[in-house]
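Colleague: Please show me the model, and then I will ask about confidence, the core and one helix.

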Amino acid sequence: MTVPLISIQGLYKVFGTKPKTVMPMVKDGMPKDDILAKTGHTVGLKDINLDINKGQIYVIMGLSGSGKSTLIRHLNRLIEPTEGKIIVDGEDVMELGQKGLEQFRRNRMSMVFQRFGLMPHRTVIENIAYGLTVQGMNKVDRAAKAGEWLEIVGLSGYENQYPSQLSGGQQQRVGLARALCTDADILLMDEAFSALDPLIRSEMQDQLIELQEKLHKTIVFITHDLDEALRLGDRIAILKDGELVQEGAPADILLHPATAYVEAFVKDVNRARALTVETVMKPPAHRITTGTIAEALQQMKTFSKDYGYYCTDDGYQGFLLQTTLEEAAKKDGDKAIEQGLFEDLPHISPDTVLEEIIPESMEANYPLPVVDEDGDLQGNLPRSSLAEVLTN
Amino acid sequence: MSEANWLTKFPEMERSDLLVIRKGLDGAYKEFSRSYGEIIEGLFDPLLRFLVWFEKLLVTSPWWIIIAVICSIVYSATRSVKLTIGVLIAFVLIGYFGMWENTMRTMSIIFVCTMLSIAIGIPVGILMSRSNRMQSIVTPILDIMQTMPAFVYLIPVVMLLGIGKVPGVIAVVIYAIPPVIRLTNLGIRLVDKEVLEAATAYGANSTQRLLGVQLPLALPTIMAGINQTIMMALAMVVIASMIGVKGLGQPVLKSITNQYFTLGLFNGLAIVALAIVFDRVSQAYGKRTQKHMERAH
């Protein structure tokens, strides 16, 4: 087990004038509404425990009022917790003094905001360089570095515009560039794409995924949109009323919701778009590994199926039918299996989303072979499994 | 009968007791001004010297240099040829009607009062915006400063410092400073929370937040406060002239007591002209610092 980069341990947040006095009630499990009625204190977060690994996109999702924005603000202590620890890279953020906290915010974490949080009185390039300005970097280096990021997010030529002159999508690109410009290894994104039009939003999601493939940052992403969560997340945590309801890989949450709440949540999700082949496929079977036609026939008979996937040390080679093999065996059973014998059956990659392989799967009469980047057979996808997952 | 008396007549304090209080307070203040008056006057000495120097500068410089300087300030702040020509005409008329020297005196004192108000008011406004306690202490003081009749606080100032320029400046500043304090406080409190949060999230310390985010974003509101402060300072010119401040106020005062309608009108119009110049210039300058607010599409 690797050590997580960020570890949230027993985090509680109570809003009100005297939060400490309310803590015993919270810990006794008194409902949120009763505590509010009795003491006037609002329970924001209750016993949150999370581990976030390096290089992940970790999505925290929940509806409004679930405490997700409160939670993300604890990571860089924009909000002080009532109780609990936040360990980043072995260091307890709660123990930091004012100076230490400022250094931590400057160098370790950067943040992207829902309504962008750009400085209206600074130009685009000055906004991107803001983190560096705070760090005290000189003007020339700052401009050079900010210029690079401006180009990466595709806003070259907008250097000297003011944020109000840009569209929402462009403004958020500036927000993203500002966050990346400080080279912090942790990126906090608070509903970063929620204020954007659907089309622009999915464009931004693509761009984020693309950037992440190059940069391998650790991203904590807040959203209320499950489709977005499933699309971006390596792992997803679901919050409800300040409590963690379920935490796991996206497919896990989709296929095995822990509570009725999560189930209601995932019900309307377009599974064909959210799930990949990998999560649905059957483990590899019916593998033919022998060299000659006769031996292959022999092996095929042990499967009780009339087909097989021919694999060698070099990986998956092709799809074989019993009838073809029998034909060929009549001529010369000792001949090696060769290209000409394979059936015309497409193979699919494990990380394609189901939506894309539906046509192939429907046309084929046999389970499609799933082949990874290295050419190895990872499994197969029968039409029945696909239908089962999509109709469920 | 005596029991029911308090129902019809307010149960007042005994006249003699009141006299004791008044005598006591007056005596104590007189004592105070007698023993500390000179020290306090000494403290204001640099201010007085600056006032005299600045007034002399404006009065003794050739009129065409002054007009050229004012017009170039107006033009560089507003970039408006029309306004600049208007100012030029106004000052030429002021000079032609023989009010040049008084106008220069008034301008010098208004300028000094405005600078003092800004120098004191903005820091106080910043402090107020940072703590609610500070706000709840300062707000009633500002209320008193704005509603207390100016003559009332002129009395102790004159008792302490005599009549002249310095008490005049103090009276004007007391009357004119509240808007700049109030609007600095308001402007900073109205700064978009998310922008401020963004600055904090990137590790800005409180100085960086104040100078880099809060003050620049509050600037339009602060400029409105400064503008109001200037207008109120001009409104005090006549009252200040009662305690010996020379300028456009004195002829106005003279025309009240002697019923010189035309003299009063001319000097009044000169004050209005000054007010318009100060107002337009400060507003145009405030707007020009906000050019990022214009939308391109």
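**Confidence, core and helix α2(B)**

Colleague: What is the mean pLDDT of chain A?

Modeller: This is a predicted model, in which local features need pLDDT of at least 70, side-chain atom pairs count only at pLDDT 80 or more, and totals for chains, interfaces and linings use all residues. Residues are numbered from 1 along each chain as its sequence is written, while chains are lettered from A and ligands numbered from 1 in the order in which they are written. pLDDT is the predictor's confidence in each residue, from 0 to 100. In chain A, 99% of the residues reach 70 or more, and the mean is 87.

Colleague: Which helix of chain B gives the largest nonpolar core its largest share?

Modeller: Such a core is a set of buried Ala, Val, Leu, Ile, Met, Phe, Trp, Tyr and Cys residues joined through C-beta atoms within 7 Å; buried means 20 or more other C-beta atoms within 10 Å of the residue's own, with C-beta atoms placed from the backbone. The core has 165 residues, and A:Ile60, A:Ile128, A:Val220 and B:Val172 touch the most other members. The largest share, 10 residues, comes from helix α12 (residues 206-235) of chain B.

Colleague: Is α2(B) largely in the open or buried?

Modeller: Helices are DSSP runs (H or I, at least four residues), numbered from the N terminus. Helix α2 (residues 15-43) of chain B reaches 39 Å from its first C-alpha to its last. The number of buried residues among its 29 is zero, so α2(B) lies largely in the open.

Terms used:
Buried ≥ 20, exposed ≤ 12 C-beta atoms within 10 Å, placed from the backbone. Helix = DSSP H or I, 4+ residues; strand = E, 2+ residues; numbered from the N terminus. Expected span 1.5 Å × (residues − 1).
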